[in-house]
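Grab a coffee and open your viewer. Here are some exercises to work through, each with a solution you can check against the coordinates.

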Amino acid sequence: MSTSLSLQPGCIMEFLQDNQPVTAWVLDVQGPRLRVFTSGQRELKLPLSRALPWLGPQCPAGSSRQEMLDLLRTHNGRRERLAESVDALEIWDLAQGEVDEAGIDWFASLVFEDASPDQLAALGRKLLQTKTHFKFSPPQFEIYPLETVERRQEEMRKAQERERLVGFGQDFLRGLWDIFCKRKSALPQPDQEQADRIRELLMTRLCSPDDRDSDALWKTMSQGLPEDPHLPLFLAQAWGIVPPHFNFHLCRAQYYWEPDWAAAHAEAITDLQERVLATRTEPSVSIVTIDSSSTQDIDDGFALTRDEDGFTLHLALACPCLGWEFGSPLDKAVLQRFTSLYLPEGTSHMLPEALGKDFFSLCAGQERPALVISFDLDPEGALRSFAPQITWIRIEANLTYTGVENEIEAGAPGMLHHARDLATLLRQARIREHAVIMDQPDPRMVLRNDPVNPEVTVVQSESTPEAQKIVSEFMILANKAMGSWARETGTALLFRTQNITLPAESAGVWTDPTDIYRIINNMGPSILECEPRRHATIGAKAYAPVTSPLRRYSDFINMAQILATLTGQGRLLDKAALESLLPLLSSRAELVGQVQRMRPRYWKYEYFRQNHKKIRWSGIIVDPGSHLVTISLPDLQLFLKAPRKIFGDKIRLGQRFSIRIGKVDPLNNEIKIVEAWEEE
């Protein structure tokens with residue numbers, strides 16, 4: 001008999017509401033709609049299609065409301081008890097493989113001799129509950145195959161775990177927030193699984209704040225807490241799973257700080273060293289290097305002679321790409337690192353330390369493979385010719401900036417004086433090409449005492465202008481020369497470009513903060529590309545960075561391209577292949593570069609936070625502004641902004657003020673100036 005014929009006034013039926021079966025008494029049937037009375041004593045109008053496919057029993061249509069209610073409650077209770085005795089999994093075992101779907105009567109025939117309406121309803125209820133094994137597609141039940149059952153059971157298990165985790169996690173995160181805010185709170189103790197899941201969630205949000213997979217869970221668990229981008233960091237610190245001053249930029253860049261990352265590549269490193277040593281020849285030139293006393297990865301040096309006809313300069317650059325296997329696990333790990341990081345808390349080298357600090361580093365007394373660029377320059381420093389070659393060199397000495405500066409100041413003639421003179425000529429020539437040179441203090445953030453929560457101090461690097469000029473001008477000369485060489489030979493290289501137009505009066509060496517601020521505002525960023533365009537502030541028509549192959553992967557690639565062109569050995573990419581690498585290289589350069597930019601700045605702001613109550617700082621107005629004043633703190637290489645009213649009515653460019661700092665937020669790079677006094 002069809003459902004429409006069976007549904008008559010007085011019939012007990014069931015329908016789904018909020019995914020649960022509700023027992024009801026049919027009061028009236030009006031075409032495709034029903035009017036029913038439920039065990040909750042409500043009258044409802046329903047579409048006929050909502051009736052579940054088990055009906056009955058049929059009761060007297062003229063029963064009173066109390067009689068209807070008593071019967072509904074009696075049958076509903078009986079069905080609940082009967083449903084408890086139904087084994088849905090046994091039914092699935094019997095049905096699975098027999099048919100793909102069936103009606104309730106077919107299932108009833110598997111377990112009952114002659115099923116009553118209450119037995120049918122109890123069976124239907126149990127099948128509805130067993131969502132892992134059956135799917136209700138009115139009026140039939142679909143029987144899931146074993147693979148689907150296993151998948152749905154796993155999904156249900158995960159859903160139950162998630163629900164349990166969310167309930168606990170909300171309380172746990174609120175407790176962590178109270179601890180972070182230094183409020184007394186009883187922190188609920190998670191079991192091991194909960195602790196692992198919450199720790200994983202916090203670290204994911206801390207290191208990958210845009211992670212989509214964890215977004216919904218995070219929003220649910222952190223509901224009611226402040227919407228601060230650093231909330232995962234605060235909670236992780238309160239829990240103690242990351243230390244104070246945790247460098248989250250490192251994990252966002254997926255940069256492994258500790259040197260033991262290279263242990264997995266020990267065999268590849270040994271093989272590389274053996275291949276390189278097999279190429280050794282007698283050194284063709286002896287050189288000296290100039291670096292800071294703390295430098296361990298020394299990648300450039302020179303030898304210079306001078307006579308009446310001009311200068312002969314041999315620039316030697318470390319050649320770590322000799323024998324390198326591109327695409328190997330070691331190469332992929334080095335590309336991922338992309339550059340060495342020099343942070344207040346220490347240094348992490350791009351290459352394995354066995355290579356970058358030792359085997360390829362230009363250490364005094366050693367012989368090393370190198371790219372040697374030999375320059376012939378006239379007495380005025382103008383370039384007559386140059387020639388690159390891959391050769392072995394001997395390193396006579398590792399000089400320091402301070403030692404070189406002292407020797408130059410002492411006035412004794414020698415190679416370093418000739419180097420200073422040539423560097424001066426080279427710089428003058430660049431300025432004629434509109435180069436812009438910023439000569440500024442170089443403050444270093446030094447961390448002392450407690451390694452977990454250190455005291456931050458500022459140390460000004462010793463002034464060594466002549467020594468630094470030698471190194472910078474010689475390196476710029478090398479990078480310009482190889483940019484020119486690449487265009488002449490058709491070798492694909494990576495170029496650092498800054499194709500902007502600066503006012504002619506911007507050219508020169510600048511030391512005054514007002515000039516520096518003005519010029520910086522007119523400068524655009526440099527970019528990495530495969531087209532040899534000009535670099536405006538350096539004063540170069542083509543600039544291919546190759547002088548730091550131990551420290552930067554872009555220089556490493558350029559060195560490899562030059563090596564392959566000069567020797568026919570190793571990998572040589574054409575321009576199209578090199579361009580295809582650019583998106584990855586640019587992405588890694590940005591992510592790792594952000595660590596190098598943001599971390600020293602963080603410690604600089606932490607220095608202000610630690611000292612703002614006891615120190616007043618001296619600054620120079622570099623932009624009076626109409627609403628906000630910009631003041632430079634030259635000794636700290638920092639520009640700060642504050643409302644004009646703090647500085648008074650009469651403000652002029654270059655005016656000196658002492659300032660008092662209020663609130664400092666190192667994480668968000670925020671410093672609030674609260675008072676300013678004009679200096680005499």
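The exercises below go from the whole chain down to single residues of this predicted model.

**Exercise 1. Work out how the overall dimensions of the protein chain sit against the globule rule.**

Step 1: start with the expectation. A compact globule of 680 residues would come out near 26 Å in radius of gyration, but the protein chain has 38 Å.

Step 2: look at the extents. The C-alpha trace spans about 125 × 70 × 45 Å along its principal axes.

Step 3: add the contents. The chain holds 19 helices and 25 strands, and buried residues make up 46% of its 680 residues.

Step 4: check the contacts. Among those with a separation of 6 or more, 66% come from residues 24 or more positions apart.

**Exercise 2. Decide how far to trust the model, and find a stretch where pLDDT stays under 50.**

Step 1: take the average. The protein chain has a mean pLDDT of 94, and 99% of the residues score at least 70.

Step 2: go to the start of the chain. Residues 1-5 stay under 50, and the model gives them 3 contacts beyond four places in sequence.

**Exercise 3. Find the buried residues of helix α4 and say how they are arranged around its axis.**

Step 1: list them. In α4 (residues 104-111) the buried residues are I104, F107 and A108.

Step 2: place them around the axis. They cover an arc of only 105 degrees, so they lie on the same side of α4.

Step 3: recall the helix geometry. With 3.6 residues a turn in an α-helix, residues three or four places apart point the same way.

Step 4: see what does the covering. The elements over these buried residues include α3 (88-95), β5 (101-102), α5 (117-129), β6 (134-137) and β7 (140-143).

**Exercise 4. Is F474 buried or exposed, and which residues is F474 in contact with?**

Step 1: locate F474, which is in helix α16 (residues 465-489).

Step 2: apply the cut-off. Buried means under 20% relative accessible area, and F474 has 1%, so F474 is buried.

Step 3: collect the contacts. Leaving aside neighbours within four places in sequence, F474 is in contact with F302, L313, L315, A419, L422, A423 and L426.

**Exercise 5. Do the same for T457, and look for a polar contact of its side chain.**

Step 1: T457 belongs to strand β17 (residues 455-460).

Step 2: its relative accessible area is 14%, so T457 is buried.

Step 3: the T457 side chain makes a polar contact with the side chain of R448, at 3.4 Å.

Step 4: not counting residues up to four places away in sequence, T457 touches R444, M445, V446, R448 and Y607.

**Exercise 6. Scan the backbone for cis peptide bonds and for positive phi outside glycine.**

Step 1: check omega. The bond joining G56 and P57 is cis, with omega about 5 degrees; P57 is in the loop between β4 (43-47) and α2 (65-85).

Step 2: keep going. The peptide bond from P138 to P139 is cis as well, with omega near 5 degrees, and P139 is in the loop between β6 and β7.

Step 3: turn to phi. H434 has a positive value near 75 degrees and is in the loop between α15 (415-432) and β15 (436-438). At 41% relative accessibility, H434 counts as partly exposed.

Step 4: finish with Q637. Its phi is positive too, about 50 degrees, and Q637 lies in the loop between β22 (628-633) and β23 (638-643). Q637 is partly exposed, at 29%.

Notes:
Residues are numbered from 1 along each chain as its sequence is written. This is a predicted model: local features need pLDDT of at least 70, side-chain atom pairs count only at pLDDT 80 or more; totals for chains, interfaces and linings use all residues. Side-chain values use heavy atoms; hydrogens and water are left out. Helices (H or I, at least four residues) and strands (E, at least two) are DSSP runs, numbered from the N terminus. Buried means under 20% relative accessible area, exposed over 50%, partly exposed in between (1.4 Å probe, protein chains only). Contact means heavy atoms within 4.5 Å. The arc is that of the directions from the helix axis to the C-beta atoms. A polar contact is a pair of N or O atoms within 3.5 Å; within protein, one must be able to donate a hydrogen and the other to accept it, and residues adjacent in sequence count only if both atoms are side-chain atoms. The radius of gyration is taken over C-alpha atoms; the globule rule is 2.2 Å times the number of residues to the power 0.38. pLDDT is the predictor's confidence in each residue, from 0 to 100.
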